[in-house]
Amino acid sequence: MKRFVLPLFLLAALLALTGCPPDTEQPPTFITIAGFELRSTVEAAPTTNITEVWAFADDEFIGVFPLPARIPVLRTGTVAMRFEAGVKQNGVSTAPEIYEFYTPVTETLELTPGDNINLGTLIITYRPEVQFAIFENFEEGFTRAFTEQVRGEGALIPSQESVRS
């Protein structure tokens, strides 16, 4: 039985031609976000429990990142970035979602591979269509208030004058 032996130089040439070409991978641009700050015209002090940021590049979903976030973006040139505040649905850590009552933050950034862009803390507000309501006299007759309200006998009055945190 005859064995076929490939010369070493031919084997090296074959491996070199089938390998990946050098420098085909491009490093990402990293965007750093410290967190979100809610600014509100509502009378009460704004409170939030924003735990992550949802990132989009030119309306394409990039991912969800815990805050503070370091977001890798594999794009170059001028890119329209959108950042949405994220919360845990019903406080469950396995169910993140965008909090739709907050405005998104949009930035047009010039992305260069390997660069780091620090956006700091992003300022958000409530969307213009969001309305708040409170119930006056909520504490009065607390034990029966909801039962009476369901029956149509309650005295709870919705109000949009002030909101408590």
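In which strand does Ile71 lie? The legends below work through a predicted model, and the first one answers this.

**Close-up 1. Ile71 sits in strand E4.** This residue is buried, with a relative accessible area of 0%. Leaving out residues up to four places away in sequence, Ile71 touches Thr29, Phe30, Ile31, Ile33, Val53, Ala55, Ile62, Phe65 and Phe83. Trp54 gives a useful distance check. Ile71 and Trp54 are 17 residues apart in sequence. In space, their C-alpha atoms are 9.8 Å apart.

**Close-up 2. The largest nonpolar core has 24 residues.** Ile31, Ile71 and Phe83 have the most contacts inside this core. Which elements give two or more residues to the core? They are strand E1 (29–38), E2, E4, E5, strand E7 (105–111) and E8.

**Close-up 3. Phe83 and its contacts.** Neighbours within four places in sequence are set aside here. Phe83 is then in contact with Ile31, Ile33, Val53, Trp54, Ala55 and Ile71. Its contacts also include Pro104, Val105, Glu107, Leu119 and Leu122. Ile31 and Ile71 appear among these contacts. Both also stand with Phe83 among the residues with the most contacts inside the core.

**Close-up 4. Lys88 pairs with Glu52 in a salt bridge.** Side chains of opposite charge can pair when their charged atoms come close. Here the closest N and O atoms are 2.8 Å apart. The pair links distant parts of the chain: Lys88 is in strand E5 (residues 77–88), and Glu52 is in strand E2 (residues 52–57). The two are 36 residues apart. Is Glu52 buried or exposed? Glu52 is buried, because its relative accessible area is 3%, under the 20% limit. Lys88 is partly exposed, at 27%.

**Close-up 5. The surroundings of Glu52 in strand E2.** The side chain of Glu52 makes a polar contact with the side chain of Lys88, at 2.8 Å. Residues up to four places away in sequence are not counted in what follows. Glu52 touches Phe36, Val64, Phe65, Pro66 and Leu67. Glu52 also touches Glu84, Ala85, Gly86, Val87, Lys88, Pro96 and Glu97.

**Close-up 6. Asp58 forms a salt bridge with Arg75.** The closest N and O atoms are 3.1 Å apart. Where do the partners lie? Asp58 is in the loop between E2 and strand E3 (60–66). Arg75 is in the loop between strand E4 (69–73) and E5. The pair links distant parts of the chain, 17 residues apart. Asp58 is partly exposed, with 40% relative accessibility. Arg75 is partly exposed too, at 21%.

**Close-up 7. Arg127 and Glu84 meet through their side chains in a salt bridge.** The N to O distance is 3.8 Å. Arg127 is in the loop between strand E8 (116–124) and strand E9 (134–136). Glu84 is in strand E5. The partners are 43 residues apart, so this is another link between distant parts of the chain. Arg127 is partly exposed, at 24% relative accessibility. Glu84 is buried, at 7%. Which residues do shared partners join into one network? Asp59, Arg82, Glu84 and Arg127 are joined by salt bridges that share partners. The structure holds seven salt bridges.

How values were computed: Residues are numbered from 1 along each chain as its sequence is written. This is a predicted model: local features need pLDDT of at least 70, side-chain atom pairs count only at pLDDT 80 or more; totals for chains, interfaces and linings use all residues. Side-chain values use heavy atoms; hydrogens and water are left out. A salt bridge is a side-chain nitrogen of Lys or Arg within 4 Å of a carboxyl oxygen of Asp or Glu. Helices (H or I, at least four residues) and strands (E, at least two) are DSSP runs, numbered from the N terminus. Buried means under 20% relative accessible area, exposed over 50%, partly exposed in between (1.4 Å probe, protein chains only). A nonpolar core is a set of buried Ala, Val, Leu, Ile, Met, Phe, Trp, Tyr and Cys residues joined through side-chain atoms within 4.5 Å. Contact means heavy atoms within 4.5 Å. A polar contact is a pair of N or O atoms within 3.5 Å; within protein, one must be able to donate a hydrogen and the other to accept it, and residues adjacent in sequence count only if both atoms are side-chain atoms.
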